[in-house]
Amino acid sequence: MFYVVTKGCYSDYHIVAVTTNRGVAEQIANKFGGEYSWGRTCIEEYEDGEIMLRPAWMVTFDRSGNAVGCEACEDEYDYEDIGRVIERGRGYDRTICCYVSADTEEAAIKIAAEKRAMYLAEKNGL
């Protein structure tokens with residue numbers, strides 16, 4: 001994971017620093033983080049570009065947590081969703097979609113199941 005410390009917006013937007021250490025990024029953001037009229041210091045997170053060489057998957061779970069779909073993603077924009085968890089529908093028809101990167105469909109389902117569990121635990125305050 002890369003942490004990019006940025007500041008500004010529009011034509012003033014610029015990168016302050018790039019690091020692989022979140023703690024270092026936070027220290028830099030604090031050091032240069034004074035508020036000013038065009039924005040504040042932010043930390044953006046990016047996966048290593050090598051992730052785009054592995055397959056991306058969208059795994060869909062039904063309300064009970066059963067994997068009901070696992071679809072390989074091919075578009076470059078799908079890789080921006082890796083790590084995201086999205087709830088769709090309501091009530092009984094609710095599904096949860098997890099976007100992951102994995103070498104096989106089986107690995108994708110396992111990784112997505114863990115992401116789903118963490119998402120639900122966090123949502124329920126656990």
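**Salt bridges**

I started by counting salt bridges in this predicted model. The count comes to 6. I looked up three of these pairs by residue.

The opening pair on my list was Glu26 with Arg22, where the closest N and O atoms are 3.0 Å apart. Both residues sit in helix 1, and 4 residues, about one turn of the helix, separate Glu26 from Arg22. I checked how covered each residue is. Glu26 has a relative accessibility of 35%, so I entered Glu26 as partly exposed. Arg22, at 32%, is partly exposed as well.

Arg22 came up again in my next search. Its side chain also meets that of Glu45 in a salt bridge, 2.8 Å from N to O. This pair links distant parts of the chain, since Glu45 is in strand 3 and Arg22 is in helix 1, 23 residues apart. Glu45 has a relative accessible area of 45%, so I wrote down partly exposed. Put together, Arg22, Glu26 and Glu45 are linked in a network of salt bridges. I added a general remark in the margin: side chains of opposite charge can pair when their charged atoms come close.

Another pair I looked up was Arg54 with Asp103, whose side chains meet in a salt bridge at 3.5 Å, N to O. Here too the pair links distant parts of the chain, 49 residues apart. Arg54 lies in the loop between strand 3 and strand 4 (56-61), and Asp103 in the loop between strand 7 (95-101) and helix 2 (105-123). Is Asp103 buried or exposed? I found Asp103 exposed, because its relative accessible area is 56% and the cut-off for exposed is over 50%. Arg54 is partly exposed at 34%.

**Strand 1 and its partners**

I then moved to strand 1, residues 2-7. Of its 6 residues, 5 are buried, and I noted the strand as mostly covered. Which strands are joined to strand 1 by bridges? I found 5 bridges to strand 3, running antiparallel. I also found 5 bridges to strand 2 (residues 14-19), again antiparallel.

Thr6 was a useful residue for seeing both pairings. Thr6 stands opposite Cys42 in strand 3, and opposite Ile15 in strand 2. I noted the general rule that in a regular strand the side chains alternate between the two faces of the sheet.

Strand 1 and strand 2 form a hairpin with 6 residues between the strands. In that hairpin, Gly8 takes a positive phi near 90°.

Phe2 belongs to strand 1. I entered Phe2 as partly exposed because its relative accessible area is 30%. Phe2 is also part of a nonpolar patch on the surface, together with Ile15, Val18 and Tyr46. The accessible area of this patch is about 370 Å² in total.

**Three threonines**

I looked up three threonines in turn, beginning with Thr41. Thr41 is in the loop between helix 1 (22-31) and strand 3 (42-46). Is Thr41 buried or exposed? With a relative accessible area of 10%, Thr41 is buried, because the cut-off for buried is under 20%. What does the side chain of Thr41 reach? I found the backbone oxygen of Phe32 at 2.8 Å. Leaving aside neighbours within four places in sequence, the contacts of Thr41 are Val5, Thr6, Lys7, Ala29, Phe32 and Gly33.

Next I went to Thr20, in the loop between strand 2 and helix 1. Its relative accessibility is 57%, so Thr20 counts as exposed. Not counting residues up to four places away in sequence, Thr20 touches Met1, Phe2 and Tyr3. I also checked Thr20 against Glu45, which is 25 residues away along the chain. Their C-alpha atoms are separated by 9.5 Å.

The last threonine was Thr60, found in strand 4. I noted Thr60 as buried because its relative accessibility is 15%. Which residues does Thr60 touch, not counting those up to four places away in sequence? I listed Asn66, Ala67, Val68 and Gly69, and also Thr95, Ile96 and Cys97.

Conventions: Residues are numbered from 1 along each chain as its sequence is written. This is a predicted model: local features need pLDDT of at least 70, side-chain atom pairs count only at pLDDT 80 or more; totals for chains, interfaces and linings use all residues. Side-chain values use heavy atoms; hydrogens and water are left out. Helices (H or I, at least four residues) and strands (E, at least two) are DSSP runs, numbered from the N terminus. Buried means under 20% relative accessible area, exposed over 50%, partly exposed in between (1.4 Å probe, protein chains only). A polar contact is a pair of N or O atoms within 3.5 Å; within protein, one must be able to donate a hydrogen and the other to accept it, and residues adjacent in sequence count only if both atoms are side-chain atoms. Contact means heavy atoms within 4.5 Å. Patches are made of residues with over 30% relative accessible area and no salt bridge: like charges are joined within 9 Å, nonpolar side chains (Val, Leu, Ile, Met, Phe, Trp, Tyr) within 5 Å. Accessible areas come from the Shrake-Rupley method with a 1.4 Å probe; for residues, only the protein chains shown count as cover. A salt bridge is a side-chain nitrogen of Lys or Arg within 4 Å of a carboxyl oxygen of Asp or Glu. Two strands pair if DSSP finds at least two bridges between them.
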